[in-house]
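Please open the structure in your viewer and keep the selection tool at hand. The stops below are meant to be followed in order, one selection after another.

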Amino acid sequence: MKKLIQRLTVFVVNLIDLLVDKLKQGAVLLLLVLSACSSFLEEIPDNRVSLDDLDKAAQLMTNAYSDASYAFTDWMSDDFTYTIGTTLRPSHQQMYVWEEPFSDPNEQDTPAFFWYQTYTAISHANEVLNIIDELEIDESDIPYRDAIKGEALLARAYGHFMLVNLFSEDNWILKNGSGLGVPYIETPETEFLVEYERPSVNKTYEEIEDDLKLGLELVDDSFYSNSGKYHFTKNAALAFASRYYLFTGDFIRCLQYSNELLGSNPGAFVRDMTSEEFRAAKSSTTGYPQLYSSPDLPSNLMLMRKISLVQRTDFAYGIDRNDYGSLFASNVFDDATDERENPAWVKGQNALYPVRYESLFERSSINSNVGTPYHIALAFRGEEVLLNRVECNIQLGNNDEAIADLQVLSDRRYSGDDVVLSMELLRDFYPSTWTDFTILYEYLILERQKEFIAQGMRWFDLKRFQVPVQHLGPDGSVIAELEADDPRKVLQIPTSAQEVGGLEPNER
């Protein structure tokens, strides 16, 4: 009997150890999905170095930018159509008809992957901010410390800004930010399986603004070498401020920060796609995206590496060939060519995909055929700030200033003998019953659609401007519709964040 009891005791102890081990593994995974923070194990942020000096803190900041692409939102937009002859995963087909994808958090190009990777990036920024003011440094290093702190604040603000604009109600102006926002994580986690509450959108935006404003004060470009465009510089921070205040409907401050960046020479921040350099690059489907996303272009304010397959021509959805041609043929100038239309890849049997991303691949080892697909995305660009300024001037009744900025863009997008824009020309192009305000806004929205096509930006405009969407099936019939103010325009909180983090789901 004694031996039997001993054996049972050993068995029970081993069983408990096994269950605890499994529970820990599962809990760690679920916690990472919510906030990507393993500080409850009291491990250092990158499991290799202790953040005990400024250089290490600066090095960790390279991980404070989410490597998840939000370009998957294009598949839900009015630009993209059902594509025959490409690989369509279940998650793609679910997102195409605005259903919640039942995807693993590790499946790239999904809402859950974006949530997971972005909170991971935020956790790295928080690790830096947690120690940055406690480091013993020489007085001469204070500017360096402040620059790192400024970048960390901006990265944390940007991560939360993207999350709240995807996973929370838009129409912030109309609803006064009363909808559910996203948790604003400001400190490294020190407890196991933390539960969160969702503050209001208004509260989330206030937290973002606090970090953004202080980050703008502290960020300093002088401490970057070579890779500055992959970090928050002063110009990138101004572009972020321009977008933030546009989305919150504060047109005065959006105009302020847009002016601070663009100054009196906005053309310096707009790539010239009518130039010989760009037109010559069209013959190369690798050279063109390399030029388009080059850190040497003044228009490219911040670049980010994105783990993604959206750039692949055999993957997911594309733009209907006829719709693509019609979009770029729609312009107010006679006999002008919109240089944004080409080059474009053929995608599947019925679609096209504009050449914007270079399809890149990082091998897991030198001789391996396995690795990580990625592209370089433009997080912020001068053209966006220019169009933000146009929108502000339209809202404020400054039509001449809006047309002047639209002319700057037209000069660098349309090739032809006469590309001079005027209010008279726009009135002739649109219905005679429309007001100048409506005409200018419609033209702005059209230019934004062309400028940012297939780069994940259209979804935010569909939300802001309450545009309805219809999606077609393979036979050309309508299979799904999205209303102007459809609640499905707000992505659903990932299941793991609901179940483990206690987050309230979005309404459906």
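Begin by selecting D78, which counts as partly exposed because its relative accessibility is 29%. Keep in mind, as you look around, that this is a predicted model.

With D78 still highlighted, add R458 to the selection: the two residues form a salt bridge, and their closest N and O atoms are 2.8 Å apart. This pair links distant parts of the chain, since R458 belongs to helix α17 (residues 458-464) while D78 sits in the loop between α2 and α3, 380 residues apart. R458, at 9% relative accessibility, counts as buried, because buried means under 20%. In total, the structure holds 29 salt bridges.

For the next stop, select D338 and K450, whose salt bridge has its closest N and O atoms 3.5 Å apart. D338 lies in strand β3 and K450 in helix α16 (residues 436-451), so the pair ties together parts that are 112 residues apart in sequence. Are these two partners buried or exposed? D338 counts as buried at 3% relative accessibility, and K450 is also buried, with a relative accessible area of 0%.

Stay with helix α16 and select E451 together with R413, whose side chains meet in a salt bridge at 2.9 Å, N to O. Here again the pair links distant parts of the chain, with E451 in helix α16 and R413 in the loop between α14 (399-411) and β8 (414-415), 38 residues apart. E451 is buried, with a relative accessible area of 2%, and R413 counts as buried at 0% relative accessibility. Now widen the selection to R271, D338, R340, E383, R413, E447, K450 and E451, which are linked in a network of salt bridges.

Next, turn to the surface and select D334, D335, D417 and D418, which form a negative surface patch. D334 is placed in the loop between α12 (321-329) and β3 (337-338), and it counts as exposed at 67% relative accessibility. D335 is found in the loop between α12 and β3 as well, and it is exposed, with a relative accessible area of 77%. Look also at the backbone of D335, which has a positive phi of about 55° although this residue is not a glycine.

A316 makes a useful next selection, for its phi is positive too, at about 60°, although A316 is not a glycine. You will find A316 in the loop between β1 and β2 (319-320), where it counts as buried at 0% relative accessibility.

Then select N342 and P343, which are joined by a cis peptide bond with an omega of about 5°. P343 lies in the loop between β3 and β4 (344-347).

Move on to S293, in the loop between α11 (287-292) and β1 (300-307). What does the side chain of S293 reach? Its partner is the backbone oxygen of P289, at 2.8 Å, and S293 itself counts as buried at 11% relative accessibility.

Finish with two pairs of C-alpha atoms. Select E169, in the loop between α5 (142-167) and α6 (172-175), and P487: their C-alpha atoms are separated by 7.8 Å, although the residues are 318 apart along the chain. E169 is partly exposed, with a relative accessible area of 32%. The other pair is A68 and Y116, which are 48 residues apart along the chain and have their C-alpha atoms separated by 8.6 Å. A68 is found in the loop between α2 (54-60) and α3 (90-96), and it is buried, with a relative accessible area of 0%.

Conventions: Residues numbered from 1 in each chain as written. Predicted model: local features only at pLDDT ≥ 70, side-chain atom pairs only at ≥ 80, totals over all residues. Heavy atoms only, no water. Patch = residues over 30% accessible without salt bridge, like charges linked within 9 Å, V, L, I, M, F, W, Y side chains within 5 Å. Areas by Shrake-Rupley, 256 points an atom, 1.4 Å probe, with all protein chains shown as cover. Salt bridge = Lys/Arg side-chain N within 4 Å of Asp/Glu carboxyl O. Lys, Arg positive; Asp, Glu negative; His and termini not counted. Charge placed at Lys NZ, Arg CZ, Asp CG, Glu CD. Helix = DSSP H or I, 4+ residues; strand = E, 2+ residues; numbered from the N terminus. Buried < 20%, exposed > 50% of the residue type's maximum accessible area, 1.4 Å probe, protein only. Polar contact = N/O pair within 3.5 Å; in protein donor to acceptor, adjacent residues only side chain to side chain.
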